[in-house]
Amino acid sequence: MKAWYLRTMRDDPTRGVAGYQLDRQLSSSNVPPDVSSALSSIHRELPQLTSDISTASTPISLLTFLFHTGTQRWAVCLDGSGGDYGAAGTNQVALAPVGVGLPDVIRSVREAMRSSFPFLTEHSLATGLVTAQQSSKTGAPKIAHAGQALLLTIGTILAMDDDHRYVSLAYDSGGPVSALLQLSLVLPESLARMARWSTGYPFPKSRRSQRIITCPWPRELLERHGDVYDRALGRVSWAHAVSADAIPGPLHWYVDELAAGRRNREIDITLTRGVDRYQARIPWQGVIDLWVSAIAQYMPLSNQEVRDVIASASGSGVRASSHDPENVLSRWDVRAAQRALDIQPSQQAKLDAMNVMLHHADQRVSQSALALARGDISSHPTMVSAQTVAMLQGLAAPAALCGAPLESKIGFANKVVAEAKRAHPSDHSWGGAAEEWLGSLGVGADQLSVPLPLTPSRVVAMISDNDVLNDPEALAPFTEYVTVQRIDPPESMGLAVRIVEEVPDSLVPLLLLLMSQSPRGLTWQRLVSAMLPRPQQVTETVKFVEQVDRGLSKVGDGLISASESSSDGSSRVTRAHENNASVALRFALVEYLIDKRYVPELIGDPVREYPAYSSLPVVLLAFQHRRVLPAPHDSGLNHAVSGADSSSGRSPSRRASRYRRWQRYAIVLQILIAAVLCLLLLLR
């Protein structure tokens, strides 16, 4: 048990010893020199309250608490008059153990006076300290009468200066000791040590730097020792009372917290650290400033401060009214985040505020917004709705969300995409923004259970992952995107060209698909025109034909290469027409190239001035007959060719006549070339 040290000077006629002297029975033995010196020094300051015990039969005492900086201990001074205190009076000085704060010192003395009245003893003080510290551990102390009166008292105490160093502390039926205890529970230890606390201040002198908090003297004692009172308090300058408006705002909140039985010990710790940073002694006002600043660090933000944070980060142009933005941000917590939502006038404003917090550059703000979800970001509807709005606006996911666990992010993304679909059931244009948002979040579209609307990039990516030469469903993403999202032909044609460029093997499957169906008006002829934008460019035409030829040679048997349109407009696959569809594509493509002037007419056209054309008929003929041709009356060929003929307005009979004429010239040309080669060999 930590030791109390006690020194008692008194007149005790019962022991046969007259006069004012040391009472060894009520004094400690084996006192360390520094403690003994402190006890003697304080004793010399105390006045001696002599009285006529025949008339002053009731013992009355004054208790004063002061902090002795030399020993770093609180000192308790008892000044007794009348009754058992003797004619010469009694003075007791006790030094509390190091590290014991003022509230526990006052509690210890109160318990000691109850058990050993009218004197203090080492045993009663030690027992009282045990009781006091047990009481301190039960939680935040209940501050009696906390409210406006306490606030005004604190304001008056803080208003003390070197010229007005005294404050009179009123008390009720609980007595002056209880009044001092209640106030000591409010003021921080660092500030309390700079003042002397008394149930009735008796010292005739005090230094200019000392602050005195004293209760009024008891009336009977005042009548006995009016002269002592006059020397102590008769001619002092009392601190002026202040209004509530003059008291710093943080103190208003602090007193309210005390009234509710709450006390943040971090405030006292912060203040103590602030005081310890100064090597020299800090003046009274300096400690007050540190205290108010420490309270402000833990005080919840006001509504206006919350609005300032949202406004300054939203780019709305609203100028924040807070004088110390860093102080505001340092106090931002999950309560401020919730209030930022609660004070918004509309649902849209609430969503905007949530996005501002999530995207805030200061992690204290963004993390507080995440904390609202209590570990599961997908469970907070406002956060989901806010990010849905942000995603549709093309914003990236905030860094605060990106740091969440992957499973949590996937669940969150599913809810955001689902809400976007509900909000825009017939509009799929936001798919691209969703892909970018998911990418910034670190979640892949394939990880979602809620599918995204198709986008050109996803269509290309999905087709590139499919086996376009063998899988009949490989081009399904393209047809789904064009039909479901009602894409116009120019845009769908651009996507088709992009697919061919990025997935070259998709050219033939696309042509075969577009021969059997025309999604949203896109035809295979339009695709060819887009692939060959400049007519009569022989080299480009030959390369294109060769690409189609290679594609047809690689197409697998499983590919859906021909279909017939049923009465309800759906596609009915017929395996009997697979070969015919390939043949039809060859004939239709050659006819289309001739018809659209990619190749000039071979009869009657001045082809001699275009030497490159001399080999083109052979190329086209080889392409056209790469596979066994069906008979001219074959239904599959006639059906495919008639489809191409109908688009150009020419009859099948005229087409067949031109084919035969063209083929004859090609054959004649080949024979002539062979004859020339043979003649050259003979001449050699």
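## A walk through the model

L513 is a good place to start: with a relative accessible area of 13%, L513 is buried (buried means under 20% relative accessible area, exposed over 50% and partly exposed in between, with a 1.4 Å probe and protein chains only). What you have on screen is a predicted model, in which local features need pLDDT of at least 70 and side-chain atom pairs count only at pLDDT 80 or more, while totals for chains, interfaces and linings use all residues. Residues are numbered from 1 along each chain as its sequence is written, and side-chain values use heavy atoms, leaving out hydrogens and water.

Back to L513, which sits in helix α24, residues 507-516 (helices, H or I with at least four residues, and strands, E with at least two, are DSSP runs numbered from the N terminus). Setting aside neighbours within four places in sequence, L513 is in contact with L475, F478 and T479, where contact means heavy atoms within 4.5 Å. There is also T523, 10 residues away from L513 in sequence and 9.2 Å away in space, C-alpha to C-alpha.

Let's zoom out for a moment. The protein has 684 residues, and buried ones make up 49% of them. Its secondary structure comes to 30 helices and 10 strands. If you take the contacts with a separation of 6 or more, 71% of them link residues 24 or more positions apart.

Now for the interior. How many residues does the largest nonpolar core have? It has 67, and F65, W197 and W291 are the members with the most contacts inside it. A nonpolar core here is a set of buried Ala, Val, Leu, Ile, Met, Phe, Trp, Tyr and Cys residues joined through side-chain atoms within 4.5 Å. Helix α11 supplies the largest share of this core, with 8 residues. W291 is worth selecting in your viewer: leaving out neighbours within four places in sequence, its contacts are I154, L158, V186, L187, P188, L191, L251, Y254, I267 and L271. A second, separate core has 49 residues, among them L329, A336, A418 and A434.

W291 also brings us to a helix pair. Two packed helices are described by the angle between their axes and the distance between those axes. Helix α4 (residues 148-158) packs with helix α11 (residues 284-298) at an angle of about 140 degrees, and the axes are 11 Å apart. The axes are lines fitted to C-alpha atoms, for helices over the stretch in contact, and angles run from 0 to 180 degrees between N-to-C directions. That angle makes α4 oblique to α11, because angles under 35 degrees count as roughly parallel, over 145 as roughly antiparallel, 65 to 115 as roughly perpendicular and the rest as oblique. From α4, the contact involves I154, I157 and L158, and from α11 it involves W284, Q285, I288 and W291. These residues divide into 6 nonpolar, 1 polar and no charged (Ala, Val, Leu, Ile, Met, Phe, Trp, Tyr, Cys and Pro count as nonpolar, Asp, Glu, Lys and Arg as charged, and the others, Gly among them, as polar).

Two buried side chains with polar atoms come next. T388 belongs to helix α17, residues 381-392, and counts as buried at 4% relative accessibility. A polar atom of the T388 side chain lies 2.8 Å from the backbone oxygen of V384. Beyond neighbours within four places in sequence, T388 is in contact with V416, E419 and A420. R458, in helix α21 (residues 456-465), is also buried, with a relative accessible area of 18%. Its side chain reaches the backbone oxygen of L452 at 3.2 Å. Neighbours within four places in sequence aside, R458 is in contact with E435, A445, L452 and P453.

Finally, here are some backbone details to check. Which residues does a cis peptide bond join? They are F117 and P118, with omega about 10 degrees, and P118 lies in the loop between α2 (102-116) and α3 (122-136). N30, although not a glycine, has a positive phi of about 55 degrees. N30 is in the loop between β2 (17-22) and α1 (33-45), and at 74% relative accessibility N30 counts as exposed. Its C-alpha is 9.3 Å from that of Y5, with the two positions 25 residues apart in sequence numbering. Q72, likewise not a glycine, has a positive phi of about 55 degrees. Q72 lies in the loop between β3 (60-68) and β4 (73-81), and counts as partly exposed at 38% relative accessibility.

Conventions:
A polar contact is a pair of N or O atoms within 3.5 Å; within protein, one must be able to donate a hydrogen and the other to accept it, and residues adjacent in sequence count only if both atoms are side-chain atoms.
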